[in-house]
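This briefing describes the pockets of one protein model. Please look at the sequence and structure first.

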Amino acid sequence: MRRAIEEKRDGRVLLPERWEAIVAGYLAGKVDDAQMAAMLMAALWRGLSTQETASLTKAMVESGERIRFPDDTFVVDKHSSGGVSDIVSLVAVPLAAACGARVAKLSGRALGHTGGTIDKLETIPGLRTTLSVDAFVAQVQRIGCAIAAQTERLVPADKRLYALRDRTGTVPSVGLIAASIVSKKLAGGAHAYVFDVKCGSAAFMQNLPDAEALARELVAVARSFDRPARALVTEMSEPLGRSIGTGIEVIEARELLRGRSGDGRVREAVLRITAEMLVLARIAAPEKAAAGALDSGAAYEKFVEMIEAQGASRAALEGMRVPERIEEAYATRAGYVSGVDAVELGNLSRAWSAREATAGIRVEVRIGDRVERGTVLARGFGSAAAATALEPAFEIADAPPQARPLVYATF
Ligand code: URA
């Protein structure tokens with residue numbers, strides 16, 4: 001292992017069998033945390049070639065079980081690199097299924113200030129996110145979609161490596177992130193993937209060149225395993241939707257699926273990502289199909305079918321309400337909203353929603369909006385909500401800021 005660390009330190013490319021030995025050795029206890037941390041830091045500084053990232057990905061997949069779908073079932077999946085108020089999976093998965101695609105999604109829990117789809121789904125009373133492999137595969141075949149929690153048995157190497165990266169400042173490496181994400185997608189059994197790479201102050205990739213590099217690498221690594229893939233680089237400097245929390249985001253997703261959400265930006269994100277999933281699934285006229293299934297209520301009915309298959313009910317979903325206690329944060333001056341600290345809002349909502357499932361934050365303004373003194377900027381819901389904590393998250397300037405697109409690039 002020492003030689004391999006030195007070679008990587010000096011910027012050399014390691015062969016596939018070296019990566020295999022490193023991952024297997026680490027899991028077997030022959031490579032210790034200090035050596036692995038040094039290797040990760042060398043990989044972060046020197047970078048990994050696409051071939052090396054693919055080798056690391058393969059070694060990680062081989063550390064655990066793999067889900068397999070029958071040959072006649074073509075399955076797509078989508079992945080977000082992590083954001084705030086990102087309800088896209090909750091809507092895009094049933095929406096793509098309502099258009100005829102089969103979608104098998106394994107999701108994670110909250111990481112830092114970013115939300116986790118599994119934590120959100122589990123606020124629907126009765127809903128199970130722990131599905132056996134057989135139940136997961138059968139549900140996708142029967143109704144077209146499932147969202148389940150990543151199990152301990154799939155890619156155990158990622159769990160160990162991720163925890164070590166978290167402790168050693170080695171998370172933001174394009175190669176290491178790509179290997180972490182693609183290994184979990186491969187093990188999850190889907191045949192094609194859409195990657196939503198977030199870019200901005202509340203994302204792992206804070207600038208466009210880094211986000212584009214990750215998007216390109218995700219697509220290249222997936223394709224090296226013969227998995228068609230598309231990637232979008234999307235804006236994450238402010239919350240994507242209006243709600244931040246867990247159950248409160250399910251409520252926003254439910255309203256969007258029922259055609260009652262007023263937020264155009266999150267709807268556009270859902271439609272763009274779903275259309276990419278439909279392209280991979282070879283569904284004709286993808287944009288039209290996605291908009292049609294959202295507006296007709298077909299996607300909402302598919303969502304209800306999915307949560308019923310996982311133990312919840314329509315009544316439980318439709319009975320979800322935000323807490324009655326509300327605190328409002330107001331603009332203290334007139335001007336234009338020039339910044340919304342999504343990291344801070346993500347952290348606050350995590351703390352608040354830990355106490356009550358539907359507690360959280362609703363953001364009432366977007367960057368660029370004109371506000372007057374006294375305009376409501378955000379509402380906090382739940383017993384822990386405090387307007388004084390919300391106010392510092394909003395910046396107001398005299399001039400409107402430069403507009404930011406929702407989608408920066410597609411690959
Ligand atoms: N998400 C992942 O699954 N892995 C990473 O390394 C970063 C974000």
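The points below cover the two pockets with the greatest volumes.

This is a predicted model, in which local features need pLDDT of at least 70 and side-chain atom pairs count only at pLDDT 80 or more, while totals for chains, interfaces and linings use all residues. Residues are numbered from 1 along each chain as its sequence is written, and side-chain values use heavy atoms, with hydrogens and water left out.

**Largest pocket**
- The largest pocket (an open set of points on a 1 Å grid over the protein atoms alone, where a 1.4 Å probe fits, with protein on both sides within 12 Å along at least five of seven lines) has a volume (the space filled by probe spheres set on the points) of about 1,000 Å³.
- Its lining (residues with an atom within 4 Å of a point) has 40 residues, and S107, G108, R109, L111 and K184 are the closest to the centre.
- Two or more lining residues come from each of strand 1 (75-80), strand 2 (102-107), helix 6 (117-121), helix 8 (156-168) and helix 9 (174-187); helices (H or I, at least four residues) and strands (E, at least two) are DSSP runs, numbered from the N terminus.

**Second largest pocket**
- The second largest pocket has a volume of about 220 Å³.
- Its lining has 19 residues, with A110, D119, T246, R350 and S353 nearest the centre.
- Strand 6 (243-245) and helix 16 (342-353) each give two or more residues to this lining, and helix 16 gives the largest share, four residues.
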